[in-house]
Every structure is written in structure tokens, then in C-alpha cells.
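Okay, thanks for coming, everyone. I'd like to walk you through one helix and its partner today, so let me put the structure up.

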Amino acid sequence: MEELLDYISSEIYQKSHVVVDDFVDRPFRKALLEEQIQLVQQGKFKTAAVGTGGQKQVRTEIRSDEVLWMDAEDLSALQSAFWEKIAEVRKVLNQRCFLGLRSFEGHFARYPIGSFYKRHLDQFHAVPHRVVTVILYLNDSWTSEDGGALRMYIPQDDGSELIEDVLPIGGRLVVFLSGEIPHEVMPTKKERISITGWLRDID
Ligand SMILES: O=C(O)CCC(=O)C(=O)O
Ligand SMILES: [Fe+2]
């Protein structure tokens with residue numbers, strides 16, 4: 001874990017984004033996936049909204065995934081274990097990148113077949129407190145034929161963008177600066193399960 005955290009912080013410092021495989025081990029990923037599937041079956045997921053505060057609205061032409069926000073006051077044992085891992089990421093990013101991260105918010109996400117999330121930035125102009133985006137994929141198996149890649153548009157020094165597609169392979173963690181990396185979820189051909197969260201500079 002120590003080496004992984006070093007790697008995450010140095011990549012964020014230098015490149016504003018990083019992808020690491022096997023951030024969680026297989027039994028832990030499986031357990032999170034099973035917990036999420038149960039919550040889906042209990043009808044707890046809702047079509048995701050875009051915008052924030054009073055501007056929040058469901059716009060399925062922009063994003064068509066379903067989410068369930070985690071309640072910081074009422075985490076399951078597994079969710080707490082995940083939050084603790086993220087707390088370690090937060091600590092190292094504060095120590096090495098001086099990001100002043102104080103809290104975490106996150107949701108489970110489910111992209112049904114055919115769903116997507118069009119290009120966007122995770123930081124809202126009105127609420128600029130999301131500083132770092134963290135995504136953990138929970139899928140059992142994934143190949144390029146399944147679609148559903150996370151497409152990041154990495155800004156280059158010459159003003160152009162480099163496209164980087166990342167498959168949502170189970171156990172894989174993606175971390176990027178919320179205000180700097182535009183991204184989208186390409187239409188998925190298979191149900192796609194993940195946890196998405198944000199480290200924020202407020203409590
Ligand atoms: O699941 C992903 O790969 C990205 C999700 C995303 O962009 C978001 O929820 O803001
Ligand atoms: Fe996003």
C-alpha cells in the first residue's frame with residue numbers, strides 16, 4: 001500500500017491523473033460488488049442528476065447511470081473499510097501535493113447497458129470544492145468489446161488534448177484532479193459497476 005500511495009501522489013503531482021490496478025484485493029472487490037448488487041435489487045438506486053443544489057436535474061441525454069450516495073453517518077463495514085483506504089490516499093495527497101483535502105463524498109454507480117455520461121468536468125463553477133475524483137471499478141471482467149471506457153482528455157502544454165481510454169476493470173482505481181481533467185463514460189454494452197467519490201477542500 002505504501003508504494004501504491006507514493007505512486008499515486010507522484011503521478012497526481014506530475015500529471016494530474018493516475019490509474020492503478022489492484023487497489024483492492026479480489027475478495028474485497030467481490031464483497032463490495034455483491035453489496036452493491038443487493039442494494040440495486042432493493043431498488044435503492046436512482047437515475048443520476050447533473051448540476052448541484054437547486055440546479056440538480058435528471059438529464060438522461062447527458063448521463064444515464066444510476067447512483068446511490070453513501071451516507072457517511074451510516075456506512076456498512078465494507079464501505080467503512082473503503083473510506084479508510086481513501087483516507088490514506090487523502091493523507092498522502094495532502095502531504096505530497098498540498099491539496100488541503102478535508103472530506104470525502106461518494107456514491108455507488110451502475111451503468112445499465114446502453115448508458116453513458118457525456119464529457120464533463122467534476123468541479124462545478126458554483127461549488128468548486130471537489131478537488132480530486134476517485135473511481136474504483138468493481139466489475140468481474142471487462143474487455144474493450146464491452147465498451148464503457150472512461151475517456152479522459154488530458155490537457156497538453158501546447159493546448160491540445162491527449163485522449164486516454166481506461167477500461168473499468170475490477171479493482172482498478174482512477175484518480176484525477178476534478179477541475180483539470182474533462183472526461184466521459186463511453187456507452188457501455190455490459191452492466192458497469194463502480195464507486196465514484198470526491199475529495200473536497202471543505203468539511
Ligand atoms: O465511472 C467513471 O468512469 C466516471 C464517472 C464520472 O465521470 C462521474 O460520476 O462523474
Ligand atoms: Fe465525472
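So, which elements cover the buried residues of α3? Keep in mind that we're looking at a predicted model. The cover includes two helices, α1 (2–15) and α2 (26–41), and also the strands β4 (103–111), β6 (130–137), β9 (173–177) and β11 (192–200).

Let's look at α3 itself. It runs over residues 77–97, and for those 21 residues, at 1.5 Å a residue, you'd expect a span of 30 Å; the end C-alpha atoms are 30 Å apart, so the two agree. Its buried residues are F82, I86, V89, R90 and L93. Yes, there's an arginine on that list, R90. Those residues cover an arc of only 105° around the axis, so they sit on the same side of α3. If you want the general background, an α-helix has 3.6 residues a turn, so residues three or four places apart point the same way. Turn to the face away from that buried side and you find the exposed residues A77, S80, E84, A87 and Q95. Right after the helix comes F98, with a positive phi near 55°.

Now for the partner, α1. Its 14 residues should span 20 Å at 1.5 Å each, and the end C-alpha atoms are indeed 20 Å apart, which agrees. Here the buried residues are I8, S9 and I12. They take up an arc of only 90° around the axis, which puts them on the same side of α1. The face turned away carries the exposed E2, E3, D6, Q14 and K15. What covers the buried residues of α1 includes β1 (17–20), β9 and our friend α3. After α1 you get S16, also with a positive phi, near 65°.

How do α1 and α3 cross? Their axes come within 9 Å, at an angle of roughly 50°. That makes α1 oblique to α3. The crossing is right-handed. On the α1 side, the contact is made by L5, I8, S9, I12 and Y13, and on the α3 side by E88, V89, V92, L93, R96 and C97.

One last stop, away from the helices. T143 is in the loop between β6 and β7 (150–155). Buried or exposed, this T143? It has 9 C-beta neighbours inside 10 Å, so it counts as exposed. From T143 to P168 is 25 residues in sequence, while their C-alpha atoms are 8.7 Å apart in space.

That's it from me.

Note on methods:
Residues numbered from 1 in each chain as written. Chains lettered and ligands numbered in written order. Predicted model: local features only at pLDDT ≥ 70, side-chain atom pairs only at ≥ 80, totals over all residues. Helix = DSSP H or I, 4+ residues; strand = E, 2+ residues; numbered from the N terminus. Expected span 1.5 Å × (residues − 1). Buried ≥ 20, exposed ≤ 12 C-beta atoms within 10 Å, placed from the backbone. Arc of directions from axis to C-beta. Contact = placed C-beta atoms within 7 Å. Axes fitted to C-alpha atoms, helices over the stretch in contact; angles between N-to-C directions. Parallel < 35°, antiparallel > 145°, perpendicular 65-115°, else oblique. Left-handed = near helix turned anticlockwise from the far one by under 90°.
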